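Good morning, and thank you for coming. Please take a moment to look at the sequence and the structure before I begin.

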Amino acid sequence: EVQLVESGGGLAQPGGSLRLSCSASGFNFNVEAMTWVRQAPGKGLEWVSAIGADRSTRYADSVQGRFTISRDNAKKTVYLSMNSLKPEDTGVYYCAIGGRKTWAADRRGQGTQVTVSS
């Protein structure tokens with residue numbers, strides 16, 4: 001059974017930082033691209049970042065230069081380090097199997113809430 005479990009969300013002040021983790025099991029993690037997507041209140045899913053099996057990375061323009069995606073294949077975990085957080089980064093963050101164009105909403109975890117507010 002495929003499982004993706006996100007953690008690390010919480011409340012941060014504008015300009016602050018958070019690090020999200022996504023622990024994976026039930027599939028061959030090492031050969032899959034992984035993606036982070038988010039959903040702001042009242043809006044649809046928005047692609048945020050992806051990391052390939054070769055560790056190549058891609059970012060949405062809105063987070064470029066502030067967020068860093070990484071992976072630890074030994075731990076089957078993908079991370080999203082978020083710096084210089086803005087109120088518009090608020091939302092539920094999900095990790096999903098797949099890259100920027102191949103991730104699927106039905107292959108994502110339960111999400112972790114990120115709230116950026118003073």
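I shall start with the aromatic rings: a search of the whole structure finds one aromatic pair. Its members are phenylalanine 27 and phenylalanine 29, whose ring centres lie 6.3 Å apart, with 55° between the planes. Those two values are the usual description, since a pair of aromatic rings is described by the distance of the centres and the angle of the planes. This pair is classed as tilted. Both phenylalanine 27 and phenylalanine 29 are buried. I should add at once that the model before you is predicted.

Phenylalanine 29 leads us to threonine 77, because Phe29 is among the residues that threonine 77 touches when those up to four places away in sequence are not counted, and threonine 77 is itself buried at 8% relative accessibility. Threonine 77 belongs to strand β8, which covers residues 77-82. Its other contacts of this kind are Ser21, Cys22, Ser23, Ser70, Arg71 and Asp72. In addition, the side chain of threonine 77 reaches the backbone oxygen of lysine 75, at 2.9 Å.

One of those contacts, Cys22, brings me to the disulfide. How many disulfides does a search of the whole structure find? It finds one. The bond joins cysteine 22 to cysteine 95, with an S to S distance of 1.9 Å. Cysteine 22 lies in strand β3, residues 18-25, and cysteine 95 in strand β9, residues 91-97, so the disulfide ties together parts that are 73 residues apart in sequence. The torsion about the S-S bond is about 45°, and the disulfide is therefore right-handed. Are the two cysteines buried or exposed? Cysteine 22 has a relative accessible area of 0% and is buried; cysteine 95, also at 0%, counts as buried too.

Let us now follow β9 into its sheet. This is an open sheet of six strands in the order β2-β10-β9-β4-β5-β6, and the pairing is mixed. The edge strands, β2 at residues 10-12 and β6 at residues 57-59, each pair on one side only. From one strand to the next, the twist averages 25°. As a reminder, strands of a sheet pair through backbone hydrogen bonds, either parallel or antiparallel.

In that order, β9 stands between β10 and β4. With β4 it runs antiparallel, and six bridges join the two; here valine 37 has tyrosine 94 of β9 as its bridge partner. With β10, residues 112-116, the pairing is again antiparallel, over three bridges, and valine 92 is partnered by glutamine 113. Six of the seven residues of β9 are buried, so this strand is largely enclosed by the rest of the structure.

Strand β4, residues 34-39, also pairs with β5, residues 45-51: the two run antiparallel and are joined by six bridges. Within this pairing, glutamine 39 stands opposite leucine 45.

My last residue is threonine 90, in the loop between β8 and β9. Its relative accessibility is 16%, and it therefore counts as buried. Beyond its neighbours within four places in sequence, threonine 90 is in contact with Ala40, Pro41, Gln113, Val114, Thr115 and Val116. The side chain of threonine 90 also reaches the backbone nitrogen of valine 116 at 2.9 Å. Finally, the C-alpha atoms of threonine 90 and valine 48 are separated by 12 Å, and these residues are 42 apart along the chain.

Thank you for your attention.

Notes: Residues are numbered from 1 along each chain as its sequence is written. This is a predicted model: local features need pLDDT of at least 70, side-chain atom pairs count only at pLDDT 80 or more; totals for chains, interfaces and linings use all residues. Side-chain values use heavy atoms; hydrogens and water are left out. Two strands pair if DSSP finds at least two bridges between them. Helices (H or I, at least four residues) and strands (E, at least two) are DSSP runs, numbered from the N terminus. Axes are lines fitted to C-alpha atoms, for helices over the stretch in contact, and angles run from 0 to 180 degrees between N-to-C directions. Buried means under 20% relative accessible area, exposed over 50%, partly exposed in between (1.4 Å probe, protein chains only). A polar contact is a pair of N or O atoms within 3.5 Å; within protein, one must be able to donate a hydrogen and the other to accept it, and residues adjacent in sequence count only if both atoms are side-chain atoms. Contact means heavy atoms within 4.5 Å. A disulfide is a pair of cysteine sulfur atoms within 2.5 Å. Rings of Phe, Tyr and Trp (its six-membered ring) pair if their centres lie within 6.5 Å; planes under 30 degrees apart count as stacked, over 60 as edge-to-face and the rest as tilted.
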